[in-house]
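Here are a few notes on the sheet and on one serine, jotted down for when you have the model open. Shout if anything reads oddly.

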Amino acid sequence: MVLFETKDLSFIYPDCKSKALDGVNLTINRGEFILLMGRTGSGKSTLLRMLKKELSPFGDIKGRIIINSNRTGFVIQNTDASFVAENVRGELAFAPENMKMKNDEIAVRIGETASFFNLSDMLDKKISDLSGGERAVVAIASVMISDVDALILDEPLNQLDPKSTYHIISLLKRVNEELGVTVIMSSHTADNIADFCDRMIILEEGKIVLDDSPRILKKSEKALEYLPVYTSLFNERPLTVREAVPLAELLEESEYMPGKSGKTSAQLKNITFSYSKKERDILSSLTFEAYTGTVHSIIGANGSGKTTLLKVLAGIKKAYSGRVKVNGKIAYMPQNPKYLFTKDTVREEIDENIAQRFGLSDCLEHHPYDLSIGQMQKLALAILSAQDFNILLLDEPSKALDSFSKNGLKKYIRDLAKQGKTVIIVSHDLDFVGDVSDYVSFLSDGIITITGERRYVLSSLNYYTTQIRRITKPYLKSAVSAEDLK
């Protein structure tokens, strides 16, 4: 049975010249698992919202949309903005209460949903106290409690560490396979998804350019940029680490050439910080050092203190004890780029030359808040690029960016390092970290447990490492990026 269908669907936002969607013909059947991919600003979020009447954007619509479901759940990109209750129990109860269900029926729904999503032990926890991965589960559960037959998710893996990402993907697979719920999700990564999703749909400039099983699409050169990084290394085009490991035996790595540390540009020494005297220490006697003309990435689980470390370095938060030493001016891009927007249009925020440099020329008349998350990231970087700084602090700079935009970001960051700038990055995107970094530090439970050069650190870790390291670990000593291979 067809659940969603669009026929020659086109859409233009008000005051925009280009189409967000252009002649989209799409059919989604009941029970399918659909992975929607495309470059930043390709129309993914717009298309997903068009499939949920209540969230359909305002603008000029042409063509037809047929929706054969009255029970469609939608999880937005910024899940924190969707929460309405203080604790998990209240969040789960919100939808059933609005459906005028009786108290005993609500209790059954909450108990059953909490059990399926493994939330029973945290029903009375404050949502603000949960990790990013836990909040993502709550957001999905609070939609699923309404007994939906279709679940739409807009970039649900953004800002999640590897463990949480794998958990969310596994959870969505269960929802699809065990409950028969149609799952439609957008993502910039196909890792751990391409091997089991029914179809991968790729949008470019509002048009569907590819729509088929990943097992079929992997033969297409156009699709390779959206598939796992190791897929293109082999003629067999593996879609999983398991498939790629046996093939990696023939790969060779380039010589490991340790670099020089140079002059210290930013230093934290014995830093202890807590947001409240009654709460645990987020940072505990932490020591960190970054060098001039280098890129230093900080990785670790959700809630390990990475963002707090950047805020202490930036002077936004003051440590209870320890010393902060910074040589030069700092520019800081927060996790939420909206904090940097002060004008009504992109044109007022940046000039045309900077807009062209960061791929925002088509968005000059847009309000910054109307941009996609990936475009907001670009705009925040563009705004900072005009500032005079010696040290650039970036909190999750690659989130919601496609592979092309990430490559542009890598080049920009490397150019800054060549100019003698220091770039300090917090990121869950380990493949990005493996490509762009000179140094990496792993933060766990408020302290840095291992720090050093990129290849040394990422080849020393088993779980918080790159896809290239996962497939080459049995054979190669320290290759963690495609650039480390001959």
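1. Leu 153 sits opposite Met 185 of strand 7. The strands involved, 6 (residues 150-154) and 7 (residues 182-186), run parallel and share 5 bridges; pairing here needs at least two DSSP bridges, and strands are DSSP E runs of at least two residues, helices H or I runs of at least four, both numbered from the N terminus.

2. Two helices lie on this sheet. Helix 4 (residues 132-144) touches strand 5 and strand 6, its direction at about 160 degrees to strand 5. Helix 5 (residues 162-179) touches strand 3 (33-38), strand 6 and strand 7, at about 150 degrees to strand 7. Contact means heavy atoms within 4.5 Å; angles (0 to 180 degrees) are between N-to-C directions of lines fitted to C-alpha atoms, for helices over the stretch in contact.

3. The model is predicted, with local features needing pLDDT of at least 70 and side-chain atom pairs 80 or more, while totals for chains, interfaces and linings use all residues. Numbering starts from 1 along each chain as its sequence is written, and side-chain values use heavy atoms, without hydrogens or water.

4. The whole sheet is open and mixed, with 6 strands ordered 5-6-7-3-8-9. Strand 5 (72-75) and strand 9 (207-212) are the edges: each has a single partner, so one side of each lacks a neighbour in the sheet.

5. Now Ser 265, in strand 10 (residues 264-273): buried or exposed? At 2% relative accessibility it counts as buried (under 20%; exposed is over 50%, partly exposed in between; 1.4 Å probe, protein chains only). Beyond four places in sequence, its contacts include Tyr 291, Lys 325 and Thr 422.
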